[in-house]
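Student: I would like a close look at a single part of this protein rather than a tour of everything. Could you choose one strand, and walk me through what surrounds it?

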Amino acid sequence: MKKKIGIVLTVLLVTAACLLSGWLLIGEPVDGKQLAYQITEHPSYLDLQVTAVESAVALRGWQLKQEGNDLFIRARKVPVSPFASHGDYLTSIDTDGIDHVYLGGQLIWSR
């Protein structure tokens with residue numbers, strides 16, 4: 001009986017650890033409504049500063065993907081932890097060949 005209880009507890013602990021690590025490390029996609037941003041335009045590039053609106057949220061896994069003349073910027077939100085502690089992002093974007101910039105699915109800049 002003790003062996004069965006030990007196996008069940010081990011399975012539950014492993015399952016909880018997997019779910020918790022997914023929540024802490026992988027997170028969920030962030031949409032544009034969950035972000036505040038500031039754009040500074042220059043003749044050939046943009047400076048983009050992004051901040052999470054929610055408190056205790058870190059942003060990670062930033063991806064910039066160009067499709068045609070559109071640039072899509074994506075990130076994932078996770079709880080602040082030793083693995084991810086920043087809720088902000090700063091980048092420069094070369095605007096050569098870019099007509100639209102989307103952040104989390106929301107249009108934030110257009111030529």
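Tutor: What follows is an account of one strand, E5, and of the parts of the chain around it.

The model is a predicted one, and everything below should be read with that in mind. The protein chain holds one helix and eight strands, and from the N terminus on these elements run α-β-β-β-β-β-β-β-β. Of its 111 residues, 30% count as buried. Among contacts with a separation of 6 or more, 56% are between residues 24 or more positions apart.

Strand E5 covers residues 70-79, and because seven of these ten residues are buried, the strand is largely enclosed by the rest of the structure. Its strand partners can be taken in turn. With strand E4 (residues 57-67), E5 runs antiparallel, and nine bridges join the two. One of the residue pairs here is Val 57 with Pro 79, the latter being the bridge partner in E5. E4 and E5 form a hairpin with two residues between them, and in the turn Gly 68 has a positive phi of about 65°.

Strand E7 (residues 100-103) is joined to E5 by four bridges, and here the two strands run parallel; Asp 70 stands opposite His 100 in E7. Strand E1 (residues 28-29) pairs with E5 in the antiparallel sense over two bridges, and Pro 29 has Arg 76 as its bridge partner in E5.

The next topic is the nonpolar core to which this strand contributes. The largest nonpolar core has 19 residues, and those that touch the most other members are Val 50, Leu 59, Trp 62, Ile 73, Ile 93, Val 101 and Leu 103. The elements that give two or more residues to this core are strand E3 (45-52), E4, E5, strand E6 (88-94), E7 and strand E8 (106-110), while the largest share, four residues, comes from E3. In soluble globular proteins, nonpolar side chains tend to be buried together.

Ile 93 shows how this core links to E5, for among the residues that Ile 93 touches beyond four places away in sequence are Leu 71, Ile 73 and Val 101, along with Ser 44, Tyr 45, Leu 46 and Leu 48. The side chains along E6 alternate: Tyr 89, Thr 91 and Ile 93 point to one face and are buried, whereas Asp 88, Leu 90, Ser 92 and Asp 94 point to the other face and are not buried. E6 is itself joined to E3 by seven bridges, the two strands running antiparallel, and Tyr 45 stands opposite Asp 94 in E6.

Two residues of the loop between E6 and E7 are worth setting side by side. Thr 95 lies in that loop, and because its relative accessibility is 5%, below the 20% cut-off, Thr 95 counts as buried. Leaving aside residues up to four places away in sequence, Thr 95 touches Pro 43, Ser 44, Tyr 45, Leu 46, Trp 109 and Arg 111. Asp 99 is found in the loop between E6 and E7 as well, but Asp 99 is partly exposed, with a relative accessible area of 27%. Its contacts, again not counting residues up to four places away in sequence, are with Asn 69, Trp 109, Ser 110 and Arg 111. Asp 99 and Arg 111 are twelve residues apart in sequence, and their C-alpha atoms are 5.1 Å apart in space.

The last topic is a cavity that has a residue of E5 in its lining. The structure holds one cavity of 30 Å³ or more, and the largest cavity has a volume of about 30 Å³. Lys 77 lines this largest cavity together with Val 30, Gln 34, Ala 52, Val 53, Glu 54, Val 57 and Leu 59. By type, the lining divides into five nonpolar residues, one polar and two charged. Val 57, one of these lining residues, is also the residue whose bridge partner in E5 is Pro 79.

In the loop between E3 and E4 one finds Ala 56, whose phi is near 60°, a positive value in a residue other than glycine. Because its relative accessibility is 57%, over the 50% cut-off, Ala 56 counts as exposed. For E5 itself, the picture remains that of a strand largely enclosed by the rest of the structure, with seven of its ten residues buried.

Technical notes
Residues numbered from 1 in each chain as written. Predicted model: local features only at pLDDT ≥ 70, side-chain atom pairs only at ≥ 80, totals over all residues. Heavy atoms only, no water. Buried < 20%, exposed > 50% of the residue type's maximum accessible area, 1.4 Å probe, protein only. Pairing = 2+ DSSP bridges. Core = buried A, V, L, I, M, F, W, Y, C linked by side-chain atoms within 4.5 Å. Contact = heavy atoms within 4.5 Å. 1 Å grid on protein atoms, 1.4 Å probe; cavity = no way out; pocket = protein on both sides within 12 Å on 5 of 7 lines; lining within 4 Å. Points joined across faces, edges and corners; volume = space filled by probe spheres on them. Nonpolar A, V, L, I, M, F, W, Y, C, P; charged D, E, K, R; others polar.
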